[in-house]
Amino acid sequence: MYFWKHFKTITHHKIMVMKGCFSVGLYWQGLLHDLSKYMPSEFLVGAKYYQGTQSPNNAERKDKGYSSAWLHHKGRNKHHYEYWMDYSAHSGQGIIPAKMPKRYVIEMFIDRVAASKNYNGKNYTDDMALKYYLSGDAGRYMHKDTRRMLEFLLRKLARDGEEQTMAYIRQHYCKRRNTF
């Protein structure tokens with residue numbers, strides 16, 4: 001078990017997200033970000049499957065066929081698009097994605113940037129979060145407006161860099177409190 005290494009990794013990530021959230025005015029979200037990772041149901045799994053180069057949830061998934069830590073985490077953290085899945089009000093449509101409030105899309109963006117920085121260290125570049133996103137199929141499961149906003153921010157980051165992207169977020173999304 002890698003208790004200390006896992007603790008340092010999740011705490012470093014949390015601090016990076018907190019700084020990002022604070023920089024755009026999302027103070028409460030920055031403070032509360034990923035607190036569930038310190039709960040035993042997530043922390044102990046993370047310490048057991050810790051690798052340091054990727055989420056321990058991936059290793060648990062390979063071992064068990066699912067990740068109990070992830071199932072716990074996504075149900076408690078609104079910055080994950082999976083939190084926003086619900087049954088449709090219309091018969092026959094099954095489970096559909098709900099549109100995420102902008103404040104949580106911004107936190108999701110900041111979370112992805114921080115994860116890229118955390119796992120890539122000195123090799124981090126501003127296009128990594130976009131490349132990682134494009135290598136998967138997450139967008140397929142998001143509400144179209146959520147996907148559009150996240151992809152716009154990830155592309156802006158890759159093209160213009162973090163400083164300009166965060167300034168854009170502050171100016172266009174966080175300028176007035178009622179824009180959320």
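How many helices and strands does the secondary structure of the protein come to? In this predicted model, the count is nine helices and two strands. Going along the sequence, the elements run in the pattern α-α-α-α-α-β-β-α-α-α-α, with the two β entries sitting between a run of five α and a run of four α.

On to overall dimensions. A compact globule of 180 residues would be expected to have a radius of gyration near 16 Å, and the protein comes in at 16 Å, so the two agree. Along the principal axes, the C-alpha atoms take up a box of roughly 50 × 45 × 30 Å. As for burial, 41% of the 180 residues count as buried. The accessible surface adds up to about 10,400 Å², and carbon and sulfur atoms own 55% of that area. Contacts that span a good stretch of sequence also feature: among those with a separation of 6 or more, 59% link residues 24 or more positions apart. On the charge side, there are 30 positive and 16 negative side chains, yet the centres of the two sets are just 3 Å apart.

A handful of residues help to fill in this picture, beginning at the N-terminal helix. Thr9 belongs to helix α1, which covers residues 3-24. With a relative accessible area of 15%, Thr9 falls under the 20% cut-off and therefore counts as buried. What does Thr9 touch once its neighbours within four places in sequence are left aside? Its partners are Tyr50, Asn118 and Tyr119.

Next comes Asp34, in the loop that joins α2 (27-32) to α3. Its phi angle is near 55°, a positive value in a residue that is not glycine. Asp34 is also buried, since its relative accessible area is 2% and the limit for that label is 20%.

The loop between α3 (40-48) and α4 (56-64) is home to Gln51. Is Gln51 buried or exposed? Neither label fits, because a relative accessible area of 31% lies between the 20% and 50% cut-offs, so Gln51 is partly exposed. The side chain of Gln51 has polar partners close by in sequence: one reach goes to the backbone oxygen of Tyr49 at 2.7 Å, and a polar contact with the side chain of Gln54 comes in at 3.0 Å. Not counting residues up to four places away in sequence, Gln51 touches Pro56 and Ala59. Both of these partners have numbers that fall in the 56-64 range of α4. Lys99, by contrast, is well out of reach: C-alpha to C-alpha, Gln51 and Lys99 are 33 Å apart, with their positions 48 residues apart in sequence.

Gly52 shares the loop between α3 and α4. At 26% relative accessibility, Gly52 is partly exposed as well. Gly52 and Gly121 are 69 residues apart in sequence, while their C-alpha atoms are 11 Å apart in space.

Toward the C-terminal end, Leu157 lies in helix α8, made up of residues 144-160. Leu157 has a relative accessibility of 1%, and so it counts as buried. Which residues are in contact with Leu157, neighbours within four places in sequence aside? The list holds Phe109, Val113, Tyr124, Asp126, Ala129, Glu162 and Thr165. For one of these, Phe109, the C-alpha atom is 9.8 Å from that of Leu157, although the two residues are 48 apart in sequence. Another listed partner, Glu162, has the number at which helix α9 begins.

Helix α9 itself spans residues 162-172 and includes Gln164. Gln164 is partly exposed, as its relative accessible area of 48% stays under the 50% needed for the exposed label. Between Gln164 and Lys144 there is a C-alpha to C-alpha distance of 25 Å, for a separation of 20 residues in sequence.

Notes
Residues are numbered from 1 along each chain as its sequence is written. This is a predicted model: local features need pLDDT of at least 70, side-chain atom pairs count only at pLDDT 80 or more; totals for chains, interfaces and linings use all residues. Side-chain values use heavy atoms; hydrogens and water are left out. Buried means under 20% relative accessible area, exposed over 50%, partly exposed in between (1.4 Å probe, protein chains only). Contact means heavy atoms within 4.5 Å. A polar contact is a pair of N or O atoms within 3.5 Å; within protein, one must be able to donate a hydrogen and the other to accept it, and residues adjacent in sequence count only if both atoms are side-chain atoms. The radius of gyration is taken over C-alpha atoms; the globule rule is 2.2 Å times the number of residues to the power 0.38. Accessible areas come from the Shrake-Rupley method with a 1.4 Å probe; for residues, only the protein chains shown count as cover. Lys and Arg count as positive and Asp and Glu as negative; His and the chain ends are not counted. The place of a charge is taken as NZ of Lys, CZ of Arg, CG of Asp or CD of Glu.
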